[in-house]
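Please open the model in your viewer and keep the sequence panel beside it, so that each selection can be followed in both places. The tour goes from a whole chain to a pair of helices and then to a single residue.

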Amino acid sequence: MPIATLRRMILIGLLLAIGAVLSFLNPSFLKLDNLMTLLQEASQTGIVAIGFTLVLITAGIDMSIGAVIAVTAMVCVNFLSYTPIPAFLFIPLSLLTGCLVGLFNGYFITHFKLPEFIVTLASRGILAGIALIIAVKDSDGFVSNVYIQDPVYLSFGGTVGPVYIVTIVFIVLAFLTQFFLKRTRAGTNIYATGANPAAARLSGINTDRSIYGVYMFSGFCASLAAIFISARMMTAMPEFGLGSEMDVIASVVIGGTPFTGGVGDIWGTVIGTLFLALIKNGILKLGISPYVQPIAIGGIIVVVVMFDVWYKAFAEGIAKRSAYRRKQSGEAAAAVAAEADAVAGGDGKGERS
Amino acid sequence: MSDTKTVGGGGTKLLLARFRLFFILILLMAVLSVVSPRFLSLENLSNVLWSVCIIGIMCSGFIYSPITGGIDLSVGSMVALAGIIANVLMNIVHMPMLPALLLTLVFGLLVGLVNGVVTTKFRVPPFIVTMAAKTYLFGIAMFVSNGDTITIMGPKDFLSIGVGKFLGLPIPIYIMVVMIIASHILLKHTVFGRRAIAVGANEVSAKLSGVNPDSTRILAYVISSGTATVAGIVMASLTQQAYAPNAAGYEFDVITAVVIGGTSLLGGSGSVAGALIGAVMVGFINNGLNLMNMPASFHPLVTGIVILIALILNQGFTLPAWMKPKKRAAGGQA
């Protein structure tokens, strides 16, 4: 895949260039502390983005991830505040929240054949409401800020040496998912479902199962990210993660996974996540107004998508032209051969008649 | 043909089917007035009317993006940004009111143009383009207003758009009615409306019959953004303030209204009158939740559920086989 490789090389080059400019403008950028924080922020988005990439490969979209983060954080806080269940038991349980949401999304998408986009948008609204309803309230009924004190839970926000645990989990998850996508039958089925659902169904692939799978995985990843985010912040609010879907979409799109489905891998998403985190960090480090962040993210998405489409058309144009040329020269050769044949054939005919 | 000739029950059924939305609306009103006696008071109903006006104005243009098979998620941010820009032009640049509002409108139309061009010419899914637009418009709104709530002291004429009355009725109602009627005529009785429906129903056949799908879609997004700008101006003068996150969730309300009204999100069909009834219902539902002292958290929850139910009901034609056994059997016998 030379086009994808070239695109990735350009992206890595840009990544390094922006890093160089930033470290030139602000020396504190290159400090280990800042780099690790950057990686940690990138990993929080990246874990969600990995799940989102799978959804995008099936040509779907999941708008509910932000709300899943909020609900999972609220579920964890409820366990912490109202039950004596230890953290290592309730964390797997709260990871199920995301899977359940994925099941819900998958059911409406496959069973009622509704557009993925609108189903997940509706479940986003529902989940945002649920997050507020189940939030821990004080006696006046106002949402109270819970400070997480459980040491096991907080250890998820900790570090191993200088590296945050979330970064390690992100890298491991990226490797596993990439392996799953490229080396297992279920992974291949996901690509087939995205590339051409009708053809996939006709060749015996259970496309519904793939769709259920990717939405559940996407929800699971969002729940996983929620635990790391709340452990890092040492608190949880019902507005957690709402709106973060834009960052995730931006990361995946920058990474080069198209919306048409059937194409994409995790490495692109990893690079895209780093790229976005770098830009956000840069805006902060250069002291630019934080309100510029959404403008930059929205602008980047539009520009990258436009560039991708233009580049694809450009590459296809080149391929078409070269194919045409090959065909022309092939035709010329064929014409010569045909003439020779005709001469030979004519001779043959003449002999026969 | 035989359907129209049936007597008695058939006619009633047809009436029920055609005006089912209206009946559901009356049912909703009845339920709400039982649940909360305050619901039917004049004061409360006029409160509902304000919010219905904003959503109705937005719907009148927004409806064209789903009809052509797309969606415009940037309308909420556009509403907020329009108020902020109008305020900047009138109170900081000190332009006269009319040119300032026209300039705001031009900005809105330009945003729609960008959305449309990027969607059609670059073949990018519309919800991505408009989601990105929603994000950067919100960013611009925050940047321009510096994240503050701006109180619009504004020219008197501007404030009277929102609170003024004409023949005893508030002016926003006239604006909404005019825009809804104009939108209805545009959809049902003009070439553009026909083209929009054709493009949404089947792009290939529309193209083959000489319709340019790209320009039709671009115009749909321009109209959608334009009406959102008008709604933003009305809202700014109504509330006398401009604040970037003010209209953040409005796109969901508008989508809900349009979907309740029977517009297919897959494109190719839509009804402006239905969208208006949908807008009234959304207004009633939100108001009812407030009256029942439900916390604000129920709002997105209920909206999400209503969207899903309305979609499933609308999507009758793609329902799975087990849900329409009678039609299957009838077709088989014929």
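## Chain B as a whole

Begin by selecting chain B and colouring it by pLDDT, bearing in mind that this is a predicted model: the mean pLDDT of chain B is 82, and 87% of its residues reach 70 or more. Next, pick out two of its elements, helix H1 (residues 2-5) of chain B, which has the lowest mean pLDDT among the elements of that chain, at 39, and helix H13 (residues 213-239) of chain B, which has the highest, at 93. Now extend the selection at the start of the chain to residues 1-9 of chain B, where the pLDDT is below 50 and where the stretch has one contact in the model beyond near neighbours in sequence. Then move to residues 322-334 of chain B, where the pLDDT is again below 50, although this stretch has six contacts beyond near neighbours in sequence.

With chain B still selected, switch to a cartoon view, in which 17 helices and four strands can be looked for. How many of the 334 residues of chain B count as buried? The share is 50%. If you display contacts in chain B between residues at least 6 apart in sequence, you will be looking at a set in which 76% join residues at least 24 apart.

## Two helices in chain A

Now select helix H2 (residues 32-57) of chain A together with helix H11 (residues 245-254) of chain A, and turn the view until you can follow both axes, which come within 9 Å and cross at roughly 65°. Because of this angle, H2(A) counts as roughly perpendicular to H11(A), and the crossing of the two helices is right-handed.

Show the side chains where the helices meet: on H2(A) these include Thr45(A), Val48(A) and Phe52(A), and on H11(A) they include Asp247(A), Ile249(A) and Val252(A). Taken together, the residues of this contact divide into seven nonpolar, three polar and one charged.

## One residue in a loop

Finally, select Met237(A), which lies in the loop between strand S4 (235-236) and H11 of chain A. Is this residue buried or exposed? Met237(A) counts as partly exposed, because its relative accessibility is 30%. Leaving aside residues up to four places away in sequence, Met237(A) touches Met74(A) and Asn145(A). As a last step, draw a distance from the C-alpha atom of Met237(A) to that of Phe275(A), which is 38 residues apart from it along the chain, and the separation should read 27 Å.

Conventions. Residues numbered from 1 in each chain as written. Chains lettered and ligands numbered in written order. Predicted model: local features only at pLDDT ≥ 70, side-chain atom pairs only at ≥ 80, totals over all residues. Heavy atoms only, no water. pLDDT = per-residue confidence, 0-100. Contact = heavy atoms within 4.5 Å. Axes fitted to C-alpha atoms, helices over the stretch in contact; angles between N-to-C directions. Parallel < 35°, antiparallel > 145°, perpendicular 65-115°, else oblique. Left-handed = near helix turned anticlockwise from the far one by under 90°. Nonpolar A, V, L, I, M, F, W, Y, C, P; charged D, E, K, R; others polar. Buried < 20%, exposed > 50% of the residue type's maximum accessible area, 1.4 Å probe, protein only.
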